[in-house]
Amino acid sequence: MGVLGPLMNYDHDKQIRLFGFGAKPTKGGQTSHCFNLNQIVGHPKPVVGTPSELFAVYNQTLQKVEFHGPTFFEPLLKTAIDEANQKFKADKNYYGVLLILTDGFIHDMDETIDLLVENSATCPLSIIIVGIGKEDFQDMHKLDSDTQALVNSKGTKAARDLVQFVEFNKFEAQPAEALAKETLVELPKSIVEFFTLQKIDPKPVPKQQ
C-alpha cells in the first residue's frame with residue numbers, strides 16, 4: 001500500500017492491471033508465466049481501481065493457485081512492454097510502472113536481461129521489484145544495475161537503468177513511507193532519461209487563471 005498510494009496519485013485512469021506468474025492458475029494444471037489474476041476470482045478483465053481492491057484480489061488468488069516453478073520473468077515483462085508501447089503510440093506523454101513481487105528465483109536471467117536492454121531506450125516503462133523472503137536476491141540486484149549497467153548477450157549496454165530492486169524484509173519494521181521512498185527514489189530519473197532519449201519535452205504547466 002505504501003508504494004501503490006503515491007503511484008496512484010499520478011495515474012490518470014486509476015486502473016491497476018494484475019498478473020501472476022510462476023504458478024498453476026488451476027490445481028493440477030500447467031505452470032503459467034503470465035496470467036490474469038482477476039480471472040482466477042471470476043472477473044474477466046485484469047484491472048482494479050484501488051490498492052484495496054488489488055489486495056483483495058491478491059488474497060483471494062492465493063487460495064486458488066499453486067505456486068510452481070520454473071520462474072520466468074520474460075513473458076510477464078513482454079506483456080508489460082507491449083502494453084506500454086501500444087499506449088505510447090497513442091499518447092506520447094504516457095509512462096508506465098510495473099511492480100513485481102518475487103521470492104528472487106529466476107530461471108531465464110539471460111533472456112530477461114536481453115529484453116530489458118533491448119527496450120531500455122524505447123519503452124516508456126520502469127520496473128520496481130520487491131523481494132519477499134530471505135533469499136540473497138543476487139540476480140535481482142544485478143537487474144537493478146546500480147553499480148554496473150546491464151549488458152546483453154551481444155555486449156550491448158542498456159541505455160538507462162529502468163529497474164529498481166528493494167528487499168521488503170529490510171523495511172518490514174519501518175513505517176510504510178520508508179519502503180515507498182526507497183522503491184520510488186529512482187523513478188523520476190528513469191522517467192526523465194526516457195523522455196530525454198526520445199527527445200520529448202515536458203508539457204508546459206498551464207497558467208493559473
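**Close-up 1. Phenylalanine 137 and its ring partner, phenylalanine 165, in a predicted model.** Phenylalanine 137 has a relative accessibility of 1%, so phenylalanine 137 counts as buried. Its place is in the loop between β8 and α6 (138-144), while phenylalanine 165 belongs to strand β9, so their pairing ties together parts that lie 28 residues apart in sequence. The two rings form a tilted aromatic pair, with 5.3 Å from centre to centre and 50° between the planes. Phenylalanine 165 is buried as well, at a relative accessible area of 5%.

**Close-up 2. Tyrosine 95 and phenylalanine 195, an aromatic pair.** Here is another of the six aromatic pairs that the structure holds. The rings of tyrosine 95 and phenylalanine 195 are tilted, 6.1 Å apart centre to centre and with 45° between the planes. Tyrosine 95 sits in the loop between α4 (74-90) and β7 (96-102), and phenylalanine 195 sits in helix α8, so this pair ties together parts that are 100 residues apart in sequence. Both tyrosine 95 and phenylalanine 195 are buried. Widen the view a little and you can pick out a cluster linked by ring pairs, made up of Phe88, Tyr95, Phe194 and Phe195.

**Close-up 3. Serine 126 in strand β8.** Tyrosine 95 returns in this view, this time through a polar contact of 2.6 Å between its side chain and the side chain of serine 126. Serine 126 has a relative accessible area of 4% and is buried. Leaving aside neighbours within four places in sequence, the contacts of serine 126 include Tyr95, Gly96, Val97 and Leu98. Arg160, Leu162, Leu187 and Ser190 are also among the contacts of serine 126.

**Close-up 4. The largest cavity, with serine 126 in its lining.** How much space lies in the largest cavity? The volume is about 60 Å³. Alongside Ser126, the lining takes in Ile127, Ile128, Asp161, Leu162, Val163 and Gln164, together with Thr183, Glu186, Leu187 and Ser190. Two or more residues of this lining come from each of β8 (125-131), β9 (163-167) and α8 (187-197). The biggest share is that of β8, which gives three residues. By class, the lining of the largest cavity has five nonpolar, four polar and two charged residues.

**Close-up 5. The second largest cavity and its lining.** The count of cavities of 30 Å³ or more comes to two, and the second largest cavity has a volume of about 40 Å³. Phe73, Leu77, Ile100, Thr112, Leu116, Ile127, Ile129, Leu143 and Val163 make up its lining. Strand β8 and helix α5 (109-119) each supply at least two of these residues. What classes do the lining residues of the second largest cavity divide into? Eight are nonpolar and one is polar, with no charged residue in this lining. Look out for Ile127 and Val163 here, since you will also find Ile127 and Val163 in the lining of the largest cavity.

**Close-up 6. The second largest pocket, with phenylalanine 195 in its lining.** This pocket has a volume of about 170 Å³. Phe195, the ring partner of tyrosine 95, lines the pocket together with Asn93, Val192, Thr196, Ile200, Asp201, Pro202 and Lys203. Four residues of the lining are nonpolar, two are polar and two are charged.

**Close-up 7. Backbone details at proline 70, serine 145 and lysine 199.** Glycine 69 and proline 70 are joined by a cis peptide bond, with omega at about 0°. Proline 70 has its place in the loop between β6 (66-67) and α4. Serine 145, a residue other than glycine, has a positive phi near 55°. You will find serine 145 in the loop between α6 and β9. Lysine 199 likewise has a positive phi, near 60°, and lies in the segment after α8. Are serine 145 and lysine 199 buried or exposed? Serine 145 is buried, with a relative accessible area of 12%, whereas lysine 199 is exposed, with a relative accessible area of 73%.

Note on methods. Residues numbered from 1 in each chain as written. Predicted model: local features only at pLDDT ≥ 70, side-chain atom pairs only at ≥ 80, totals over all residues. Heavy atoms only, no water. 1 Å grid on protein atoms, 1.4 Å probe; cavity = no way out; pocket = protein on both sides within 12 Å on 5 of 7 lines; lining within 4 Å. Points joined across faces, edges and corners; volume = space filled by probe spheres on them. Helix = DSSP H or I, 4+ residues; strand = E, 2+ residues; numbered from the N terminus. Nonpolar A, V, L, I, M, F, W, Y, C, P; charged D, E, K, R; others polar. Phe/Tyr/Trp six-rings, centres within 6.5 Å; stacked < 30°, edge-to-face > 60°. Buried < 20%, exposed > 50% of the residue type's maximum accessible area, 1.4 Å probe, protein only. Polar contact = N/O pair within 3.5 Å; in protein donor to acceptor, adjacent residues only side chain to side chain. Contact = heavy atoms within 4.5 Å.
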